[in-house]
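Subject: Structure handover

Hello,

Here is the structure I promised to pass on. Please open it next to this email and follow along.

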Amino acid sequence: MNRKTVLIAEDDLRILDVLEKLLSANGYQALTAVNGQAALQMIRSHCPDMVLLDLGLPKMSGLEVLQQVRQWYERPVIVVSAHGLEKEKVRALDLGADDYITKPFGASELLARMRTAFRHHNVQESGMGNPDSSYSVGDFLIDYNQRKVFVEGVEIRL
Ligand code: CA
């Protein structure tokens, strides 16, 4: 199975480093951006499976990034906000963020929220045609996209 790519948009390099190591250790492929413009470019060029978006970013705020990408980027976005900025969090949810987490947060809480966001996203996507949607046991293969069943590579008509 391919590792999921997660873009971490964070200007605090210490936090960025910790998050990058945490995600890598948990089977994700981490991409990084240290300001809003870079985050926007990374989302456009790499289309990551998820974005962890710090709201307080230089050059372009997390809210502006969210506003720009939400028109076409449909994968989960979890916003990371500083403690006490309630309005900002509400605004982010209104703009289409899937969830938010408040600094300082624990590693296990973040990972749990990421799993939840991926799960919700997969439920929404199921049945929509996914390149990995096939199932095989021994010589038996079911291809859900093509709606075909193969045994030893030969299509079986049901
Ligand atoms: Ca920040």
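Start inside the protein. The model is predicted, and its largest cavity has a volume of about 30 Å³. A search of the whole structure finds one cavity of 30 Å³ or more. Its lining is made by Ile8, Ala9, Glu10, Leu19, Leu52, Asp54 and Val80. Strands S1 and S3 each give two or more residues to that lining. By type, the lining has five nonpolar residues, no polar ones and two charged ones.

**The overall layout**

Now step back to the whole chain. The protein chain has 158 residues, and 38% of them are buried. Its secondary structure comes to five helices and nine strands. Read from the N terminus, the order is β-α-β-α-β-α-β-α-β-α-β-β-β-β. Strands and helices take turns at the start of that order, and the order ends in β-β-β-β. Contacts also reach along the chain. Take those between residues at least 6 apart in sequence: 52% of them join residues at least 24 apart.

**The nonpolar cores**

In soluble globular proteins, nonpolar side chains tend to be buried together. Which residues touch the most other members of the largest nonpolar core? They are Leu7, Leu53, Leu66 and Val79, out of 23 residues in that core. Six elements give two or more residues each: strand S1 (5-9), strand S2 (29-33), helix H2 (36-46), strand S3 (50-54), helix H3 (62-69) and strand S4 (77-81). There is also a second, separate core of 18 residues. Leu19, Ile101, Leu110 and Leu111 are among its members.

Leu66 is a good residue to click on. Leaving out residues up to four places away in sequence, Leu66 touches Leu53, Val77, Val79, Ala92, Leu95 and Ala97.

**The calcium site**

Next, find the calcium ion. What coordinates the calcium ion? Asp11 (OD), Asp54 (OD) and Gly56 (O) do, at 2.2 to 2.4 Å. Along the chain, these donors follow the spacing D-x42-D-x1-G. The two aspartates link distant parts of the chain, 43 residues apart. Asp11 sits in the loop between S1 and helix H1 (13-25), while Asp54 is in strand S3.

Are these two aspartates buried or exposed? Asp54 has a relative accessible area of 4%, so it counts as buried, because the cut-off for buried is under 20%. Asp11 is at 34%, so it counts as partly exposed, between the 20% and 50% cut-offs. Asp54 also lines the largest cavity.

**Serine 81**

Look at Ser81 in strand S4. Its relative accessibility is 0%, so it counts as buried. Leaving out residues up to four places away in sequence, Ser81 touches Leu55, Glu88, Lys89, Ile101, Thr102 and Lys103. One of these, Ile101, belongs to the second core.

**The second largest pocket**

The second largest pocket holds about 170 Å³ of space. Its lining residues are Ile15, Val18, Leu19, Leu22, Lys103, Pro104, Phe105, Gly106 and Ala107. Helix H1 gives the largest share of the lining, with four residues. By type, the lining divides into seven nonpolar, one polar and one charged. Leu19 is worth a second look. Leu19 lines this pocket, lines the largest cavity and is in the second core.

**Unusual backbone spots**

Most residues other than glycine have a negative phi, and most peptide bonds are trans. Three places here do not follow that pattern.

- The peptide bond from Lys103 to Pro104 is cis, with omega near -5 degrees. Pro104 is in the loop between strand S5 (99-102) and helix H5 (107-125). Both Lys103 and Pro104 line the second largest pocket.
- Cys47 has a positive phi of about 40 degrees, although it is not a glycine. Cys47 is in the loop between H2 and S3. At 33% relative accessibility, Cys47 is partly exposed.
- Lys59 has a positive phi of about 70 degrees and is not a glycine either. Lys59 lies in the loop between S3 and H3. With a relative accessible area of 64%, Lys59 is exposed.

To finish, go back to the calcium ion and find Asp11, Asp54 and Gly56 around it.

Best wishes

Terms used. Residues numbered from 1 in each chain as written. Predicted model: local features only at pLDDT ≥ 70, side-chain atom pairs only at ≥ 80, totals over all residues. Heavy atoms only, no water. Core = buried A, V, L, I, M, F, W, Y, C linked by side-chain atoms within 4.5 Å. Buried < 20%, exposed > 50% of the residue type's maximum accessible area, 1.4 Å probe, protein only. Contact = heavy atoms within 4.5 Å. Donors = N, O, S within 2.8 Å, 3.2 Å for Na, K, Ca; no water. 1 Å grid on protein atoms, 1.4 Å probe; cavity = no way out; pocket = protein on both sides within 12 Å on 5 of 7 lines; lining within 4 Å. Points joined across faces, edges and corners; volume = space filled by probe spheres on them. Nonpolar A, V, L, I, M, F, W, Y, C, P; charged D, E, K, R; others polar.
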